[in-house]
Amino acid sequence: MSTARTAKAPMDRIGAGLERLRHDIDALVDVVTRDPQARPQLVDIHHQVRLLGQHLNTALGAPAEPVPPEQPR
């Protein structure tokens, strides 16, 4: 079994999940535009996505950017 074949199913699921995430984030951005009270949820998603990016960078051997602490409002 080749690496490409074993990676196909997870990649298909990840691709579909990322597409759903993209749409969900777009919807949340629209909500925050109308209701700034929802901004903390958007900030939380931002931090989670940055942490995922750091995890991927580590796996790829790329230098990671530090995640700054959340700024008080």
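Here are a few notes on the pocket and the nonpolar patch of this model.

1. A word on the basis: this is a predicted model, where local features need pLDDT of at least 70, side-chain atom pairs count only at pLDDT 80 or more, and totals for chains, interfaces and linings use all residues. Residues are numbered from 1 along each chain as its sequence is written, and side-chain values use heavy atoms, with hydrogens and water left out.

2. The fold has two helices and zero strands (DSSP runs, H or I of at least four residues for helices, E of at least two for strands, numbered from the N terminus). Of the 73 residues, 8% count as buried (under 20% relative accessible area, with exposed over 50% and partly exposed in between, using a 1.4 Å probe and protein chains only).

3. Now the lining of the largest pocket: Ile14, Leu18, Leu21, Arg22, Ile25, Val49, Leu52 and Leu56 (a pocket is an open set of points on a 1 Å grid over the protein atoms alone, where a 1.4 Å probe fits, with protein on both sides within 12 Å along at least five of seven lines; lining residues have an atom within 4 Å of a point). Helix 1 (3–34) and helix 2 (39–60) each supply at least two lining residues, and helix 1 gives the largest share, five.

4. Ile14 deserves a look of its own. This residue sits in helix 1 and is partly exposed, at 45% relative accessible area. Besides lining the largest pocket, Ile14 belongs to a nonpolar surface patch with Met11, Leu18, Leu21 and Val49 (nonpolar side chains, Val, Leu, Ile, Met, Phe, Trp or Tyr, joined within 5 Å, from residues with over 30% relative accessible area and no salt bridge, that is, no side-chain nitrogen of Lys or Arg within 4 Å of a carboxyl oxygen of Asp or Glu).

Conventions: Patches are made of residues with over 30% relative accessible area and no salt bridge: like charges are joined within 9 Å, nonpolar side chains (Val, Leu, Ile, Met, Phe, Trp, Tyr) within 5 Å. Accessible areas come from the Shrake-Rupley method with a 1.4 Å probe; for residues, only the protein chains shown count as cover.
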